[in-house]
Amino acid sequence: MSKLRALKIDVDKKEITEIEINPGKLKDIYAALDCDLFAVAGNFNQHIEKPHLMDSLYVDDEGLFDEDNPIFEFQPPGWVYQIHFAGNGLIVGHDAKTGDGAAASCSLAEAAKYVKWTNLTVKDL
């Protein structure tokens with residue numbers, strides 16, 4: 001199976017970059033997030049033509065345990081709240097019908113609108 005497009009939110013460099021991950025390979029997600037445990041923070045960017053396809057934000061589920069972890073905010077359209085996350089983020093696509101991974105549809109420009117860099121770390125919360 002071919003690799004899928006994903007977007008890495010790098011809090012140390014304060015940049016969003018396009019990467020490729022192997023579908024079904026958790027080690028790729030762990031490596032991109034630089035963590036030992038991740039969680040899906042939420043879904044967004046539902047396709048109009050194919051509503052079963054959407055993007056998800058993956059985050060470091062233990063990011064708050066490291067007081068030096070930088071914080072970023074994320075708020076795509078449709079989320080009624082703005083959330084702070086500690087550590088890196090990863091935007092990936094998925095098919096809600098099959099559960100299969102899919103290429104992220106979110107563009108780098110769109111992701112840049114959803115992410116707000118902060119000068120906060122966990123110890124500031």
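Biologist: If two strands count as paired when DSSP finds at least two bridges between them, which two strands form a hairpin with 4 residues between them?

Modeller: The hairpin is made by β1 and β2, and K14 in its turn has a positive phi of about 55°. The strand names refer to DSSP runs of E with at least two residues, while helices are runs of H or I with at least four, both numbered from the N terminus. Before going on, I should say that this is a predicted model, where local features need pLDDT of at least 70 and side-chain atom pairs need 80 or more, whereas totals for chains, interfaces and linings use all residues. Residues are numbered from 1 along each chain as its sequence is written, and side-chain values use heavy atoms, without hydrogens or water.

Biologist: OK, and how many bridges hold β1 and β2 together?

Modeller: There are 7 bridges between β1 (residues 4-10) and β2 (residues 15-21), and the two run antiparallel. One of the bridge partnerships sets R5 against E20 in β2. β1 also pairs with β7 in the antiparallel sense, through 3 bridges, and there L7 stands opposite I91.

Biologist: Is β1 mostly covered or mostly open?

Modeller: It is mostly covered, since 7 of its 7 residues are buried, where buried means under 20% relative accessible area, exposed means over 50%, and partly exposed lies in between, using a 1.4 Å probe on protein chains only. The burial applies to both faces, with L4, A6, K8 and D10 on one side and R5, L7 and I9 on the other.

Biologist: Let's switch to the open sheet. What's its strand order?

Modeller: The open sheet has 3 strands in the order β6-β5-β9, with antiparallel pairing. β6 and β9 (115-121) are the edge strands, each with a single partner strand, so one side of each has no neighbour in the sheet.

Biologist: How many bridges join β5 to β6, and how many join it to β9?

Modeller: β5 is joined to β6 by 4 bridges and to β9 by 4 bridges. Along the β6 side, I71 stands opposite A86 and F74 stands opposite I83, while in β9 the residue opposite F74 is V115. β5 is mostly covered as well, with 5 of its 5 residues buried: P70, F72 and F74 lie on one side, and I71 and E73 on the other.

Biologist: How many aromatic pairs are there in the structure?

Modeller: There are 8, counting rings of Phe, Tyr and Trp (its six-membered ring) whose centres lie within 6.5 Å, and calling them stacked when the planes are under 30 degrees apart, edge-to-face when over 60, and tilted otherwise. One of them is the edge-to-face pair of Y30 and F38, which lies 5.3 Å centre to centre with 65° between the planes. Within that pair, Y30 is partly exposed at 27% relative accessible area, whereas F38 is buried at 18%.

Biologist: And what kind of pair do F72 and F85 form?

Modeller: Theirs is tilted, at 5.6 Å centre to centre and 40° between the planes. It links distant parts of the chain, with F72 in β5 (residues 70-74) and F85 in β6 (residues 83-86), 13 residues apart. Both rings belong to buried residues, with F72 at 0% relative accessible area and F85 at 10%. Elsewhere, ring pairs link F44, F74, W79 and Y114 into a cluster.

Biologist: Now pockets. How much volume does the largest one have, and which residues lie nearest its centre?

Modeller: Its volume is about 220 Å³, and of the 17 lining residues, G24, I29, Y58, G93 and G101 lie nearest the centre. A pocket here is an open set of points on a 1 Å grid where a 1.4 Å probe fits, with protein on both sides within 12 Å along at least five of seven lines, and lining residues have an atom within 4 Å of a point. The volume is the space filled by probe spheres on points joined across faces, edges and corners.

Biologist: Which element gives the most to that lining?

Modeller: That is β7, with 3 residues, while α1 (26-33), β4 (53-60), β7 (89-95) and β8 (101-102) each supply at least two.

Biologist: How do the linings of the two pockets divide by residue type?

Modeller: The lining of the largest pocket has 8 nonpolar, 7 polar and 2 charged residues, counting Ala, Val, Leu, Ile, Met, Phe, Trp, Tyr, Cys and Pro as nonpolar, Asp, Glu, Lys and Arg as charged, and the others, Gly among them, as polar. The second largest pocket, with about 180 Å³ of space, has 3 nonpolar, 3 polar and 7 charged lining residues. Of its 13 lining residues, D12, L33, D34, N69 and N88 lie nearest the centre.

Technical notes. Two strands pair if DSSP finds at least two bridges between them.
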